[in-house]
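Trainee: I have a new model open on my screen and would like to learn how to read it. Could we go through it together?

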Amino acid sequence: AITAGVSLVLPPSTMNASDPRQQGAQAQPGQLNVGSVDWSRLAPQMGVITGPQGADYLQVLDQEHRGMGEKITYRCGIVYLVGLGAGGTHGLFKGLRESEGMSRRLRFNSMLNFSGRNGTRFANALGILALGYTSIEHIMFMIREKDDPINHVVGMTAAGILYKSTAGVRSMGVAGAVGLGL
C-alpha cells in the first residue's frame, strides 16, 4: 500500500484509449492503477513487442557464437574464482605446515598470509591462461569461420605455450602438451 500524500498522475500518452479496461480509469492520489499503463510504451524490454518491424530495442536472436567479451568475462571470472579457492586452500594447509610449534595467533596469521599469497598467485595465473585461451580461440573462429573443437584445441595449446614462453623451449613444449591434453 502506498502511504497517504503520495499521488501518481499518469500522462495521457501512457493510457491506451482503445483498451476497455482503461476507459475512464484515473489514478487517485495515494493509489496506483497498474491496469491503466501501456507497458509497450514504457518498457519494451519486458517482452512487449509493438510495431510492424518488431522490437525497438537491441535484441540478439539465433546467435550461435558468443562474442569475445562475453566469453572472456565468463571464463576469466569462473577460472579466477576457482583458482582463488584452490590456491587459498593450498596456502591454508601450507601455512599450517610451516607454522608447526608456534602459538595459535602466529599459526592463524601464517595461514592467512600463505592463503592470500598462494590464492592470488594461482588465481592470476589461471586468469591469464583463460584470457590467452579465449583470445586465441576467438581468433581461430574469426579466421576459420567455424566454431568446432579444433579452435579450442589450438587455443589451449597456444595458451600453454605462450604462458611458458619465457621459461625455455622444454617448458613451452610441456605446457603446450598439457594444454593439448585438456
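**Reading the helices and the pocket**

Trainee: How well does the span of helix α3 agree with 1.5 Å a residue?
Mentor: Keep in mind that this is a predicted model. Helix α3 covers residues 104–144, which makes 41 residues. The expected span is 1.5 Å times one less than the number of residues, so α3 should span 60 Å. The C-alpha atoms at its ends agree with that, being 59 Å apart.

Trainee: What phi does glutamate 145 take, just after α3?
Mentor: Helix α3 runs over residues 104–144, and glutamate 145 comes just after α3. Its phi is positive, at about 55 degrees.

Trainee: Which elements does the protein have, and in what order do they run from the N terminus on?
Mentor: The secondary structure comes to 5 helices and 0 strands. From the N terminus on, the order is therefore α-α-α-α-α.

Trainee: Is serine 135 buried or exposed?
Mentor: Serine 135 sits in helix α3. Leaving aside neighbours within four places in sequence, serine 135 is in contact with Met68 and Ile72. Its relative accessible area is 19%, and the cut-off for buried is under 20%. Serine 135 therefore counts as buried.

Trainee: And leucine 96: what does its relative accessibility make it?
Mentor: Leucine 96 belongs to helix α2, residues 68–98. Beyond its neighbours within four places in sequence, leucine 96 is in contact with Arg107 and Met111. Its relative accessibility is 28%, and partly exposed lies between the 20% and 50% cut-offs. So leucine 96 counts as partly exposed.

Trainee: What separates the C-alpha atoms of leucine 96 and leucine 112?
Mentor: Along the chain, leucine 96 and leucine 112 are 16 residues apart. In space, their C-alpha atoms are separated by 9.8 Å.

Trainee: Which element gives the largest share of the lining of the largest pocket?
Mentor: The largest pocket has a volume of about 380 Å³. Two or more lining residues come from each of α2, α3, α4 (149–163) and α5 (169–181). The largest share, 6 residues, comes from α3.

Trainee: How do the residues of that lining divide into nonpolar, polar and charged?
Mentor: The largest pocket is lined by 18 residues. Leu126, Leu129, Met156, Val178 and Leu182 lie nearest its centre. The lining divides into 14 nonpolar, 3 polar and 1 charged.

Terms used: Residues numbered from 1 in each chain as written. Predicted model: local features only at pLDDT ≥ 70, side-chain atom pairs only at ≥ 80, totals over all residues. Heavy atoms only, no water. Helix = DSSP H or I, 4+ residues; strand = E, 2+ residues; numbered from the N terminus. Buried < 20%, exposed > 50% of the residue type's maximum accessible area, 1.4 Å probe, protein only. Contact = heavy atoms within 4.5 Å. 1 Å grid on protein atoms, 1.4 Å probe; cavity = no way out; pocket = protein on both sides within 12 Å on 5 of 7 lines; lining within 4 Å. Points joined across faces, edges and corners; volume = space filled by probe spheres on them. Nonpolar A, V, L, I, M, F, W, Y, C, P; charged D, E, K, R; others polar.
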